[in-house]
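Visitor: I have a structure in front of me and would like to learn how to read it. Where do I begin?

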Amino acid sequence: MAEIRGLFAENSQAKTPLAYVDTYGCQQNEADSETIRGMLDEMGYEFTADEFAADLIVINTCAIRENAENRVLGNVGALSHTKKAKPSQIIAFCGCLAAVPETVEKIRRSYQQVDLVFAPNLLWMFPELLCRVLTEKGRVFLTDGGDGAVAEGLPVKRDGTVKAWFPIMYGCDNFCSYCIVPHVRGRERSRDSAIIVDEARRLVADGYKDITLLGQNVNSYGVGLDEDINFAGLLRRACEIDGQFLVRFMTSHPKDASVELFRVMAESERAARQIHLPFQSGSDRILSVMNRGYTHEDYMAKLTQAREFMPDIAITSDVIVGFPGETEADFEDTLRLIEKARFDGLFTFIYSRRPGTPAADMEDTVTSEEKHRRFDRLIELQNSISDEQHGKHIGKTMTVLVDGESGDARYPLRARTNGGRLVHLNGGLELVGSFVEAKITHCNSWSLFAEAV
């Protein structure tokens with residue numbers, strides 16, 4: 001980083017270089033982009049949202065679904081125009097797609113405007129690789145995924161002032177048959193607990209009120225560490241930090257969500273009463289083929305345990321419709337689980353084939369029309385449940401954290417409940433960054449509406 005800053009300083013006539021970072025996908029990718037921005041800041045870059053003005057464009061990609069890949073590649077293709085207008089512009093391609101061999105070959109062969117490609121596990125090498133592009137004036141590809149190192153001490157540049165997130169571990173050992181993540185982010189490895197707690201403590205001292213601990217499966221935290229600690233123990237330590245704030249986490253794998261975790265959440269006033277627990281299918285047969293490691297009954301037992309410890313907990317989940325070989329009976333099992341679970345919110349996806357995963361080679365007997373019919377039925381059911389769940393809060397006064405502006409003059413503030421429910425709030429902008437009492441006046445399937453008390 002210092003070497004690149006020095007390169008820019010040598011040219012006293014040059015303007016301050018501008019960087020544009022474009023992020024796709026999950027909060028882990030958002031966290032990676034914050035590290036990229038932190039490194040770029042150390043290198044001497046300033047930031048722009050104008051692709052044509054940028055001297056460096058970094059595309060941080062998502063590989064979880066085919067639509068995400070197509071969108072990314074379409075936008076990368078459009079950058080040929082920015083490169084033509086500014087031939088000195090450097091375009092970097094990173095994130096999960098940069099570890100998919102088929103995609104990397106497409107970039108190498110058909111997207112000549114891309115100068116630098118590196119896999120997500122090699123994020124810490126970004127300055128070295130960029131320096132090679134700047135000094136050697138050639139394309140650089142490093143996509144083998146690396147040795148699974150955990151690099152500490154990298155700078156981070158966050159945009160917000162209220163909400164912050166950071167990884168506590170990397171990779172995934174579960175190898176669900178439909179999922180590309182273990183293949184592109186590698187095996188599980190955990191960060192040292194003292195470093196994690198120190199990072200959380202600094203965020204609280206800097207005024208952040210809503211902190212999210214990230215991992216592909218946070219419940220596996222502790223893998224590879226010499227110390228005897230699991231995720232429940234880490235969460236307890238994070239919640240013991242002094243200050244007024246909430247700790248959230250994502251994502252949890254149902255097979256690893258433990259009674260100990262639910263107990264710690266219930267006993268820690270700073271632990272948010274919220275859990276995202278993807279179930280993916282209600283059919284035991286499909287769950288087995290997915291390699292999920294639990295049954296319909298196992299999953300419902302976890303929800304029962306969580307609600308016994310925390311009756312007010314908000315539970316959200318993920319579900320896949322149209323997995324290869326899914327029958328109508330399998331789908332009915334999924335609807336049955338949703339009816340019983342009464343999720344506060346549900347993220348729904350039509351199965352997307354990912355090359356390199358076991359499911360990609362399975363025979364897909366479900367037509368596109370049938371997948372969409374099932375998808376619509378599922379959405380209709382969950383919307384009715386969300387309406388019911390949100391309706392229970394009308395007339396109540398709840399503590400919410402105001403985390404920003406909404407852009408709606410009628411309800412100018414955006415807030416979240418302890419359980420993570422979105423609240424459109426009527427109140428003054430001076431409340432941003434504060435915990436306030438809000439009276440819920442009405443709702444829809446997606447959010448609550450309230451007035452500050």
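Guide: We will take one sheet, its helices and one residue in turn. Keep in mind that this is a predicted model.

Visitor: Start with the sheet. In what order do its strands run?

Guide: The order is β7-β10-β11. These 3 strands form an open sheet with parallel pairing.

Visitor: Which are the edge strands?

Guide: Look for strands that pair on one side only. Here they are β7 (163-167) and β11 (246-250). From one strand to the next, the twist averages 25°.

Visitor: How many bridges join β10 and β11?

Guide: Strand β10, residues 210-214, pairs with β11 over 5 bridges, in the parallel sense. Take one residue pair: Leu-213 has Phe-249 in β11 as its bridge partner.

Visitor: Now the helices. Which strands does helix α7 lie across?

Guide: Helix α7, residues 193-205, lies across β7 and β10. Its direction is at about 165° to β7. Helix α8, residues 231-239, lies across β10 and β11. Helix α8 runs at about 155° to β11.

Visitor: Let me try a single residue. Is Phe-118 buried or exposed?

Guide: Buried means under 20% relative accessible area. Phe-118 has 1% relative accessibility, so Phe-118 counts as buried. Phe-118 sits in strand β5, residues 116-118.

Visitor: What does Phe-118 touch?

Guide: Leave out residues up to four places away in sequence. Phe-118 then touches, among others, Phe-93, Cys-94, Leu-123 and Leu-142.

Visitor: Where is His-253 relative to Phe-118?

Guide: Along the chain, the two are 135 residues apart. Their C-alpha atoms are separated by 28 Å.

Technical notes. Residues are numbered from 1 along each chain as its sequence is written. This is a predicted model: local features need pLDDT of at least 70, side-chain atom pairs count only at pLDDT 80 or more; totals for chains, interfaces and linings use all residues. Side-chain values use heavy atoms; hydrogens and water are left out. Helices (H or I, at least four residues) and strands (E, at least two) are DSSP runs, numbered from the N terminus. Buried means under 20% relative accessible area, exposed over 50%, partly exposed in between (1.4 Å probe, protein chains only). Contact means heavy atoms within 4.5 Å. Two strands pair if DSSP finds at least two bridges between them. Axes are lines fitted to C-alpha atoms, for helices over the stretch in contact, and angles run from 0 to 180 degrees between N-to-C directions.
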